[in-house]
Number of protein chains: 4
Amino acid sequence: MNNKLFALKAGQRYTISPHLTLEFVRSQHSIIDTVFPVLHTPRGAVVYANDFKLDRTPVLGEPPDFARLRQLGKEGVLALIVESTNVSEKGRCPSEKIARDLVRDTITSYEDDKSAIFVSTFSSHISRVKTIAECAHEIGRKPVLLGRSMERYSSAAEQLKLVGFPESLSMFGNRRTVDRTLRRIMKTGKDKFVPIVTGHQGETGAILTRIVMGDTPYKLERGDKILFSAKVIPNPMNYGQRYLVEARAKMAGVRIFDDLHVSGHAYREDHYEFLHLLNPQHVIPAHGDINMTGSYAKFAEEIGYTLGNDLHILRNGQKVLIT
Amino acid sequence: MNNKLFALKAGQRYTISPHLTLEFVRSQHSIIDTVFPVLHTPRGAVVYANDFKLDRTPVLGEPPDFARLRQLGKEGVLALIVESTNVSEKGRCPSEKIARDLVRDTITSYEDDKSAIFVSTFSSHISRVKTIAECAHEIGRKPVLLGRSMERYSSAAEQLKLVGFPESLSMFGNRRTVDRTLRRIMKTGKDKFVPIVTGHQGETGAILTRIVMGDTPYKLERGDKILFSAKVIPNPMNYGQRYLVEARAKMAGVRIFDDLHVSGHAYREDHYEFLHLLNPQHVIPAHGDINMTGSYAKFAEEIGYTLGNDLHILRNGQKVLIT
Amino acid sequence: MNNKLFALKAGQRYTISPHLTLEFVRSQHSIIDTVFPVLHTPRGAVVYANDFKLDRTPVLGEPPDFARLRQLGKEGVLALIVESTNVSEKGRCPSEKIARDLVRDTITSYEDDKSAIFVSTFSSHISRVKTIAECAHEIGRKPVLLGRSMERYSSAAEQLKLVGFPESLSMFGNRRTVDRTLRRIMKTGKDKFVPIVTGHQGETGAILTRIVMGDTPYKLERGDKILFSAKVIPNPMNYGQRYLVEARAKMAGVRIFDDLHVSGHAYREDHYEFLHLLNPQHVIPAHGDINMTGSYAKFAEEIGYTLGNDLHILRNGQKVLIT
Amino acid sequence: MNNKLFALKAGQRYTISPHLTLEFVRSQHSIIDTVFPVLHTPRGAVVYANDFKLDRTPVLGEPPDFARLRQLGKEGVLALIVESTNVSEKGRCPSEKIARDLVRDTITSYEDDKSAIFVSTFSSHISRVKTIAECAHEIGRKPVLLGRSMERYSSAAEQLKLVGFPESLSMFGNRRTVDRTLRRIMKTGKDKFVPIVTGHQGETGAILTRIVMGDTPYKLERGDKILFSAKVIPNPMNYGQRYLVEARAKMAGVRIFDDLHVSGHAYREDHYEFLHLLNPQHVIPAHGDINMTGSYAKFAEEIGYTLGNDLHILRNGQKVLIT
């Protein structure tokens, strides 16, 4: 294809045709600079809300544009296509601020420690990487990003000026430079660095996995720390791989800290607030298997929607005619 | 008995006999003004450490006296009697600061809401009560403590000048005044108050339970909020009672927020740090059934202690001779 | 209403109108004498299959009529309305024969024991009650049914000649006769009886609950046995009530045996077999909330049905037009 | 070493020295021909009871020698060293008869099926292998043992005349003959055989794993069946590996049946009966980490033993002096 590419920022609109306009409304998620795409039609707006949370105290960027969302609700939302991932979680999704405090409390409590401090998180989670790097800086250690995806995401975000890292931060992507850096850390002193690495799911070939398996120049010792700023993606294979990595690390006397993390997906009461802001005529839960979309449907029925009437469970490729 | 009572503050010592001195070292826990009692004997110090956490950013009072603990470790600790409650929890126990942020994020996100906001927490958890009262104040609502134990603990703490509450706070303990207050709230407007109430475990007769069961002048309505700043104490009866309360509340259209809470007990890595600070010759895990003390024993064996040698599992009333 | 009542047996048909005939096909479930109602229409048969299992070795009655089900599949089934309760359970639902062996193995292993043996099960589960009564008889004890529903279900089944119990069995329904019987057991000797009682969910007022709470003339002692031939219906309130009953019983030194039970509902592979027998054009999962019907839908999609096409999730009262 | 080897059968004794006699008492477990070794000393008998269950209806061999155990209790047991594996499981461990009925009910329900039926179980569990082979024979299929350990254990048991298999059974251990056999089954017809294979834990390199991964001449198809007559040994790595095997098999349309199994280890009430039979002066829980031995200690304390007095938790290599 040879379509033109436009850059559309949060808050901006693009006229597609006389009857269709696309608008981007500011959102928040575990990746940076996210938006709710809104398609304005003659019959009302169609809001697409997958991968979002209603974070009032984000670490990067502004909170979601609550004022515009409320206004959309008043103008009339024909349909809301909405993620159902965490609708079964009670209450509200904790803010990224909570994750920052968890990470910070742990890292800074080892200010006087001479052991290694490794942190593994999602490479795409730029605000988290920034938090970790800043905490490293705060206790006088150099943050070092290690791993192909770590390097790719963070350098892209930095080049787009979407994030600023501490000046002492460095990053290395390919295996040769990663191993050379690990050798340098062993020589210079473990207590001079906080390596931020791939491997929180115990993936074969990821940096943390290779280190733990003894497959790099780095030697783990009694008292070294590994912080997981991520949760295990719930799936028995991930649990198995992660268990293996932790078990090996413990055999070397390493201390484990996990779940220094919050979700990037709206919880049940965020969805409740969201429905009240937008007041959509029709709701289409998405982004999940039928157990998730079904749970959203149960939730929406409690609020007053009716399955098959103004609440629709669709499969990929299916169409619904809204009249 | 007719023994004299002494007030001993954290940091002070009391000479019991020529060979025995009692010292109080500042600690942190989910109740205020806690200490580690340390008994100095000719053979070394005996440290008693039940009900504590190593909170570096507490909401009330100062962090534990790490400097003195480190010094005790250097002077020589003969024996440590230590709680084992949360030794199976990975990592470090989150700071009370995290609980404050979770509570604050939730309450303040309903600044413009007209519905009720109830919060239930442990009556004895004064710093939490203070947090909730301050958040209520911040969104322009009056905090009202309701329930016999709520009134007793908080008024005692206030009289001892261990805590300062917002001036708008009021408290009512007995059934008659509680019900009168609830009637007044119904008249004045639900959106003028944040009642802080007993009943987070769904206990029969507690304020929240009575409200939910329709046994007070207060009427719950669609959109009212109940925040649990507590976790269910793990026991099937509590789960059952709490479930019943939540189920009834949901039938009235109430929104539930739970687990706005952190523990008051040291986690595994807090114990690791604690052992390294004190370096005790003997360790006696306590404050838990044999599954808990057994888990602590496993943890201590990994670090180098040996069960039956310098690590002792005792039952209430049993003695161990340390030579 | 003044409609006539017909008795229709498994294997029989009833002509409702020139175009509609009702047929009953033999089934199996945790209650006796169950059938699949089949409505024959000009467009094909509509099979209604709620509350069933494909038990090839039942304790009462014959296995389901597999031959007729297979034949229906060949004649053409327009629609199957089918329970979804246990579709998430792997494999096949164990036969009632397994429950009988579990109960029998436990009871007969106490042939020489002098302590009490109580058994609690579902009053409506006549084949289970029969099993328990026969095992009691086998070790030389008299089976005694206690509790209002116990008496009602079992006496009805006996009068309808749907079951035969050992001659030594007696049954008592109301509180006065139950308590008198318990007093008699205390006098005559606990080792002469196996009381079969209500209360497996820890229900307040049920016989077992009253006995455990000390609210009858019966005194529990060290070594007495309570067998639960039922599982806790999954709901936190039931778990709580049951826990309370077990905790109290244990304080008296009573030994607990639970889960001497199998389900009465088809598992995933029973559903697989059932779909292959009937080969229905349309499938409508029922008898469960949307998480259960949703799970059935996932299962049916793996086999080749398509949601919204020949697979329909309906709410009570909704209609679907099959063309 | 050059020590002489003696064969000592259940029921026999061997005089070691003037004061020490070794006796073997018949037991039951998931391996064949197991015994309780009993060391007779001048101070009483020392009974060693690891790896046992009190199965009254075993599939191979006789039930445990209850009469002799009771007699030992009367003669005087100084100490019992006893497994603690399943002491937290309520009730009694189900008999191997239950496993046989579960396996038989599943296999025979596919008597007319043309698809594959694979069964995987513990190679060392000879009575289970016998059950599976007999069920295969019963529906007119040839049982084929595949896998190195399958072949080794079963051929040894057969040569020692500890088991008799159906005549149609064959077994193949090494990779070449296994693959050749699988090719032959593909040619002759899947419905002519029941392969009994290694791989129930999803182990890399085991027969079932190789088949599912497409690493043998065997092609899995829609409707083929895999029966797991084993439970997953609880460990996240096993769950992960097993999940992977099941997920791959399901992608090919294979139907999964798991947990056609019972444990080989005594449950809580078996331990209760065992203590009452032997009435030991001292009890030493073993065969488990401190959480298991601790759970046994809790159980024994409820019955009247006292930790540190007549109940001892020891670590490997530790000694206790019983006086």
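# From a domain boundary to the chain interfaces

In chain A, 9 residues of domain 1 touch 12 residues of domain 2. Let us start at that boundary and then step outward to the neighbouring chains, keeping in mind that this is a predicted model.

Where do the two domains of chain A run along the sequence? Domain 1 of chain A is assigned in two pieces, 13-92 and 264-303, while domain 2 of chain A covers 96-257. Between their C-alpha centres there is a distance of 33 Å. Put together, domain 1 of chain A and domain 2 of chain A bury about 880 Å², and carbon and sulfur atoms account for 71% of that area. On the domain 1 side, three residues stand out: Ile32(A), Val59(A) and Leu60(A) provide 59% of the area that domain 1 of chain A buries against domain 2 of chain A, more than any other three residues.

What about charges and polar pairs at this boundary? The salt-bridge count across the interface of domain 1 of chain A and domain 2 of chain A is 0, and 2 residue pairs are in polar contact there, both partners at pLDDT 80 or more. The side of domain 1 of chain A that faces domain 2 of chain A consists of 4 nonpolar, 2 polar and 3 charged residues.

Now let us move out to the place where chain B meets chain A. Here each chain brings 28 residues to the contact, and the area buried between chain B and chain A is about 2500 Å². Carbon and sulfur atoms give 46% of this buried area. Which three residues supply the most of what chain B buries against chain A? They are Lys90(B), Arg92(B) and Arg255(B), with 24% of the area on that side.

Between chain B and chain A there are 10 salt bridges. One of the residues just named takes part in such a pair: Lys90(B) is bridged to Asp258(A), with 3.2 Å between the closest N and O atoms. The polar contacts between chain B and chain A come to 10 residue pairs, again with both residues at pLDDT 80 or more.

Which elements of chain B build its side of this interface? Those that give two or more residues are α2 (96-108), β11 (255-257), α8 (268-278) and α9 (290-303) of chain B. Among these, α2(B) gives the most, with 6 residues. By type, the side of chain B that touches chain A holds 13 charged, 9 nonpolar and 6 polar residues.

It remains to see how the copies are arranged. Two copies of a chain are related by a rotation about an axis and a shift along it. For chain B and chain A, a turn of 180 degrees with a shift of 0.0 Å along the axis lays one on the other, at an RMSD of 0.0 Å. Ile98(B) has the C-alpha of chain B nearest to this axis, 3.3 Å away. Both copies use the same surface, since 100% of the contact residues of chain B recur in chain A.

Chain B also has a partner in chain C. A rotation of 180 degrees, with 0.0 Å of shift along its axis, superposes chain B on chain C with an RMSD of 0.0 Å. This is the relation of a two-fold axis. Which residue of chain B comes closest to that rotation axis? Gly240(B) does, with its C-alpha at 2.3 Å. Once more the same surface serves both copies, and 100% of the contact residues of chain B recur in chain C.

Technical notes:
Residues are numbered from 1 along each chain as its sequence is written. Chains are lettered from A and ligands numbered from 1 in the order in which they are written. This is a predicted model: local features need pLDDT of at least 70, side-chain atom pairs count only at pLDDT 80 or more; totals for chains, interfaces and linings use all residues. Side-chain values use heavy atoms; hydrogens and water are left out. Contact means heavy atoms within 4.5 Å. Buried area is the accessible area (1.4 Å probe) that two parts lose on being put together, summed over both. A salt bridge is a side-chain nitrogen of Lys or Arg within 4 Å of a carboxyl oxygen of Asp or Glu. A polar contact is a pair of N or O atoms within 3.5 Å; within protein, one must be able to donate a hydrogen and the other to accept it, and residues adjacent in sequence count only if both atoms are side-chain atoms. Helices (H or I, at least four residues) and strands (E, at least two) are DSSP runs, numbered from the N terminus. Ala, Val, Leu, Ile, Met, Phe, Trp, Tyr, Cys and Pro count as nonpolar, Asp, Glu, Lys and Arg as charged, and the others, Gly among them, as polar. Domain bounds come from an automatic or database domain assignment. Copies are superposed by least squares on the C-alpha atoms of residues with pLDDT of at least 70 in both.
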